[in-house]
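Open the model in your viewer and keep the selection tool at hand. The tour goes from one selection to the next and says what is there.

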Amino acid sequence: MLKYIGKRLLLMIPVILGISFILFTIMDLTPGDPARVILGDFASQAEIDALREEMGLNDNFFVRYGRYIGNAVTGDLGNSYRSSAPVVEEIAARFPSTLKIALLAMLFAVLIGIPVGIISAVKQYSIADISSTMLALLFTSIPAFWLGLLLILLFSVRLRLLPAVGSDTWKHMLMPSISLAAAQMATIIRMTRSTMLEVIRQDYIRTAKAKGAAPRRVIFHHAIKNALLPVITTVGLSISNLLGGALIIENVFGISGLGTLMVNSVKSKDTPLLIGSVMFAAVVAGLVNLGVDVLYTYVDPRIKAQFVKKKK
Amino acid sequence: MAEKEIKAPKAKVKKRSQLKSIWFRFRKNKLAMFGLILFLALVIMAVSASVFLDYDTDVIGQHMKERLQFPSSAHWFGTDQYGRDVFARIIWGSRISLVVGLFTVGIAMTVGGAIGAVSGYYGGKADMILMRIMDVFLALPGTILAVAIVGALGPGLVNVLLAMSICRIPQFARIVRSSVISLRGQEFVEAAKACGTSDFRIIMRHIMPNAIGPLVVQATLNMATTILGVAGLSFIGLGIEAPMPEWGSMLSEAREQMRYYPYLMVIPGIFIMLAVLSLNLIGDGLRDALDPRMKN
Amino acid sequence: MEERLLTIKDLYVEYITDDARVFAVNGIDLAINKGETLGLVGETGAGKTTTALSIMRLLPEKVGLIKSGSIVLNGKDVTKASEADMRLLRGETVSMIFQDPMTSLNPVLTVGDQIAEVLELHKRHKNKADVEARVDEILKMVGLPPERKHDFPHQFSGGMKQRIVIAIALACEPLLLLADEPTTALDVTIQAQVLALMNELKQNLNTAMILITHDLGVVAQTCDRVAIMYAGEVIETGTVEQIFSGDEHHPYTVGLFESIPDLKKKTRRLHPIDGLMPDPTDLPTGCKFHTRCPHCMEICKTELPKPIEKDGHLIRCHLLEGGGRKAEGSETL
């Protein structure tokens, strides 16, 4: 197992390198002189030239890229052009807020999505099923940022129950996570429902019934574990989607997280900050996917067995 | 089991052409039909927009005297802070969303499809290299990739379209690749090869028609996510820029007025939702119609 | 010994789906004594599996419906029993082996757990250790090493899986075992092994069995009596001897036997039955077989033939009506 995790981590390296290379190339090709960005519009040409020399901007592209990667390996992602603070520090300061709303959103999506999906499948065509299916359809189509604004309108403007902006207390976290969770919850409901429906038609479910097992036992002991296998994958993908969604939701609720950091770095042409934060997001997404795959092997004996065999 | 056993002899109705029977199954799906009607309505809206609207005066022209009027018979959806008729802007906005959606999916499907076909058909090193590159793109959440690309290219209609297309290429490449791999070894392909058919012709004439089903479903659902994505990008100011009446940027503009003029924010959202919903419904319906066994 | 275990009387089963009503079982009568083996033979779609599922009351929910008739199992009418009562019967009094062993076992549970479950459900043993001991015993009984109970289904071959399925079915020593084509999905060499095992166990436990199959060879080897089904009806029943060597048969039975190759006779070609099973949503009137019957008469098209009995050999055919039983195939009638 450890060997597998190690291998997967190694496989992530070329992907991260690829991302950094692509980003580095695009940013290099876009107009705009970093020295000018740092020094502002009123700096003299001499000052700019001096800074360019100092930053090594006159070097060959590959030299600069090599240097960047070399530093990145030691944990140095460069300094932000705007704040001149190290990129790593900026990310470290911002990431916790993003992580908090993403995890809370995940929690909402899973804790509501899976049970609703199961009930929906078990009571197929009931009113509960039809309404949850409709709701899921609606939620997959609602833009998260619009849902966020609607929530603000209702709970902050009209009812004055929750604060509209900021990220200080759990009350601040509530609306962002809900708007972020809605689409993922809908996906999880749909996925759980359809896999559950497929599972309860399987022969082994009939075998369980033929043993004299009660419906409750058939569902909980025999069906759910099988149905959850594909759902785990969906949940894994959701986390990656949540990170992306946070980008926009943070903007709605004025949360200074990784998303706002990225958007601001794009708007202000802060190349090191952009590359750094995007790479960081890729690493997080990669680790999450790895985690999901590892979890999968623990739930599904068929996959687990493959590793045992390989080890021999 | 018994149920399936008994249904088997009913094959005699299978005379209808495949396309007709897909349409027949699709038509029976009420939700899918609702989606289709909704989508057609949006298309009609988009196409007819230029007939009775003049872009410069009705859509982006500012009329400060009439600013921030609530919905009325003169302005069905009210007016915004520049006195522009929201109804006219919404109608024009459908053009932008549909065009961006269609072009993005078109580009992504062509490029992704080509990559997937080459990768799947030839296998080996080409496959390895192409798929590793796709992995790099897939490693990032779609929105983040799009933001990074827009960051490099700068905002604007064409750049957003490009960024979105690039984000979607890997998904199409994967779908086409797996279809091609599953069909590559089949006898009809071997037979075509034996006749000396060129690789390009084999892929286009013999393999692609068999892979088209999942591709169309993916394209429909992808168009929905693209419309959502573009609206999101515009909303945070990295997409289509004002004064173009993109629904997402309309929403973004409406934020300042939200407290006292909520309709400005509610209406564009509803339209984004309807467009996305219609495509999702069609996509789901197509998937069920193409593969009746999957239907719940 | 001649103790009645199961009596099915005038059973009608329908499947109701969105677009059609499927008449799966149309008034069958069947009986089986304790310890006896009944072969249920017929083409795909003849209603064999439906009959078995009706006995278990495991027809697909909301789709499969027992329309009328009675199924008396060990003195209890299962068509009228409550769901709770049925759960007590399933696994304990009657159990079922399904066609495909590859999909009959839950992939995420160990086979030991799956065997133990049926014991626990029917409270056969007081404590966990007793259950485990019994699981070991059953595994040995079906010819598998007990230490493999910790393995998952995917670690077994098809034949071994079917042994496990048999172990689950026989764990509580049921009075009746319904085996739905238990060997169809297996390799030919394994088929014989599994059949032999089932026969042996059934003999030891004195379990009655309904063996659903379309393999007449298997029937000859294992069954005491045979019922032949066509389009949801039992068209002929009798002892194995009566069916295999009797001189009077239903034309469909004749057709069935003619469609299997016989090495002893030198024939140039097989004689398959012409045509297809009638559409079960739209069954013909009269005798259901008349559309394919080489001896079809006017009366066959309108009137359902009554069963005619001789020494327990029942045949449903107009050819045998009237002046006593005439030889099958006689053109004089």
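## Stop 1: an enclosed helix in chain C

Select residues 111-121 of chain C, helix α4: nine of its 11 residues are buried, so the helix is largely enclosed by the rest of the structure. Helices here are DSSP runs of H or I with at least four residues, strands are runs of E with at least two, and both are numbered from the N terminus. A residue is called buried if 20 or more other C-beta atoms lie within 10 Å of its own, exposed if 12 or fewer do, and partly exposed in between, with C-beta atoms placed from the backbone.

This is a predicted model: local features need pLDDT of at least 70, side-chain atom pairs count only at pLDDT 80 or more, and totals for chains, interfaces and linings use all residues. Residues are numbered from 1 along each chain as its sequence is written, while chains are lettered from A and ligands numbered from 1 in the order in which they are written.

Now colour the buried residues of α4(C): Val111(C), Gly112(C), Gln114(C), Ile115(C), Ala116(C), Glu117(C), Val118(C), Leu119(C) and Leu121(C). To see what covers them, add α5 (128-141) and α6 (158-170) of chain C, which are included in that cover. Then step past the end of the helix: just after α4(C), Lys123(C) has a positive phi of about 45°.

## Stop 2: the sheet of four strands

Stay in chain C and show its strands. An open sheet of four strands runs in the order β2-β1-β4-β5, with antiparallel pairing. Its edge strands are β2 (21-33) and β5 of chain C, each of which pairs on one side only. Two strands count as paired if DSSP finds at least two bridges between them. Strands of a sheet pair through backbone hydrogen bonds, either parallel or antiparallel.

Next select helix α1 (residues 48-56) of chain C, which packs on this sheet and touches β1, β2 and β4 of chain C. The direction of α1(C) makes about 70° with that of β2(C). Such axes are lines fitted to C-alpha atoms, for helices over the stretch in contact, and the angles run from 0 to 180 degrees between N-to-C directions. Contact means that the C-beta atoms of two residues, placed from the backbone, lie within 7 Å.

Select residues 4-16 and 64-73 of chain C, which are β1 and β4: eight bridges join these antiparallel strands. Which residue of β4(C) is the bridge partner of Tyr12(C)? The partner is Ser68(C).

Continue to β5 (residues 76-77) of chain C, joined to β4(C) by two bridges in the antiparallel sense. Val72(C) stands opposite Asp77(C) there. β4(C) and β5(C) form a hairpin with two residues between them, and Asn74(C) in the turn has a positive phi of about 50°.

## Stop 3: the sheet of eight strands

Chain C also has an open sheet of eight strands with mixed pairing, in the order β6-β7-β8-β3-β9-β10-β12-β11. Select β6 (94-97) and β11 (307-310) of chain C to mark the edge strands, each pairing on one side only. Neighbouring strands of this sheet are turned by 20° against each other on average, direction ignored.

At the β11(C) edge, add β12 (residues 313-316) of chain C: four bridges pair the two strands in the antiparallel sense. Look for Lys310(C), which stands opposite His313(C) in β12(C).

## Stop 4: chain B

Switch to chain B. How many helices and strands does chain B have? There are 12 helices and zero strands. The C-alpha atoms of chain B fill a box of roughly 75 × 50 × 35 Å along the principal axes. Chain B has 296 residues, of which 46% count as buried. Of the contacts in chain B between residues at least 6 apart in sequence, 67% join residues at least 24 apart.

## Stop 5: where chain A touches chain B

Show chain A beside chain B: 38 residues of chain A are in contact with 34 residues of chain B. Among the elements of chain A that give two or more residues to this side are α1 (2-29), α8 (170-199) and α10 (215-253). By class, the chain A side has 27 nonpolar, 11 polar and no charged residues. Here Ala, Val, Leu, Ile, Met, Phe, Trp, Tyr, Cys and Pro count as nonpolar, Asp, Glu, Lys and Arg as charged, and the others, Gly among them, as polar.
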